[in-house]
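Reader: Could you take a close look at one part of this model with me, and then lead me outward from there? I would enjoy one connected account.

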Amino acid sequence: MKDCIFCKIVAGKIPANIVLESRDFLAFHDINPIAPVHILIITKTHIRDFNEVSPEMMAGLTSFAQNVAKILGVENSGYRLITNVGDNGGQEVPHLHFHLIGGAKLKWHHLTDTNPRNSL
Ligand code: AMP
């Protein structure tokens, strides 16, 4: 899709530090890592977000993401696989992507701006 930064990476118009590529997916290092391992796994076709992806495409993601974890050497130490959806999800790039994050003990905090107890 024109003007989509991740489509430009798929097309080779913007450089990326690529880890793995298949017919349907591309994995590359996040430009602004939040952990020692921070890989983005994207679909090669422009799919806006998780709401739009087919179960068939997701089936292919399974082994691809598992292989990325192996390549980065985090399959046994552990990692997190996250996709942000829309405004509340904190999605900044509207092209489906999964963050594979690891290489350090990850915390589970700062996931909301508001305390859910305040809305009880
Ligand atoms: P999200 O907030 O879930 O949409 O995440 C978008 C991610 O894309 C952020 O972690 C950015 O650091 C990352 N990002 C944006 N542009 C690039 C780029 N050109 N190469 C690699 N990662 C990028």
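**A glutamine and its surroundings**

Author: Happily! The side chain of Gln 91 reaches the backbone oxygen of Arg 48 at 3.0 Å, and it also reaches the backbone oxygen of Val 93 at 3.0 Å. Both are polar contacts, meaning pairs of N or O atoms within 3.5 Å; within protein, one atom must be able to donate a hydrogen and the other to accept it, and residues adjacent in sequence count only if both atoms are side-chain atoms. A word on the ground rules: this is a predicted model, in which local features need pLDDT of at least 70 and side-chain atom pairs count only at pLDDT 80 or more, while totals for chains, interfaces and linings use all residues. Residues are numbered from 1 along each chain as its sequence is written, and side-chain values use heavy atoms, with hydrogens and water left out.

Gln 91 sits in the loop between α3 (86–89) and β5 (97–102). Helices (H or I, at least four residues) and strands (E, at least two) are DSSP runs, numbered from the N terminus. With a relative accessible area of 16%, Gln 91 is buried; buried means under 20%, exposed over 50% and partly exposed in between, with a 1.4 Å probe and protein chains only. Leaving aside residues up to four places away in sequence, Gln 91 touches Arg 48, Asp 49, Asn 84, Val 85, Gly 86 and His 97, where contact means heavy atoms within 4.5 Å.

Two of these names lead us on to the ligand. There are 16 residues around the ligand, and the closest are Asp 30, Asn 84, Glu 92, His 97 and His 99; a residue counts as near when one of its heavy atoms lies within 4 Å. A side-chain N or O atom of Asp 30 is 2.5 Å from an oxygen atom of the ligand. Asn 84 brings a polar side-chain atom to 2.8 Å from a ligand oxygen, while Gly 90 has a backbone N or O atom 3.0 Å from a ligand oxygen. Taken alone, the ligand exposes 500 Å², and the protein buries 86% of that; these areas come from the Shrake-Rupley method with a 1.4 Å probe, and for residues only the protein chains shown count as cover.

Now to the aromatic rings, which form two pairs. Rings of Phe, Tyr and Trp (its six-membered ring) pair if their centres lie within 6.5 Å; planes under 30 degrees apart are stacked, over 60 edge-to-face and the rest tilted. Phe 6 and Phe 28 have ring centres 5.7 Å apart and planes at 80°, so they are edge-to-face. Because Phe 6 lies in helix α1 (residues 5–10) and Phe 28 in strand β2 (residues 25–29), this pair ties together parts 22 residues apart in sequence. Phe 6 and Phe 28 are both buried. The pair of Phe 25 and Phe 64 is tilted, with 5.4 Å from centre to centre and 35° between the planes. Here strand β2 holds Phe 25 and helix α2 (residues 55–71) holds Phe 64, 39 residues apart. Phe 25 is buried at 4%, and Phe 64 is buried at 5% relative accessibility.
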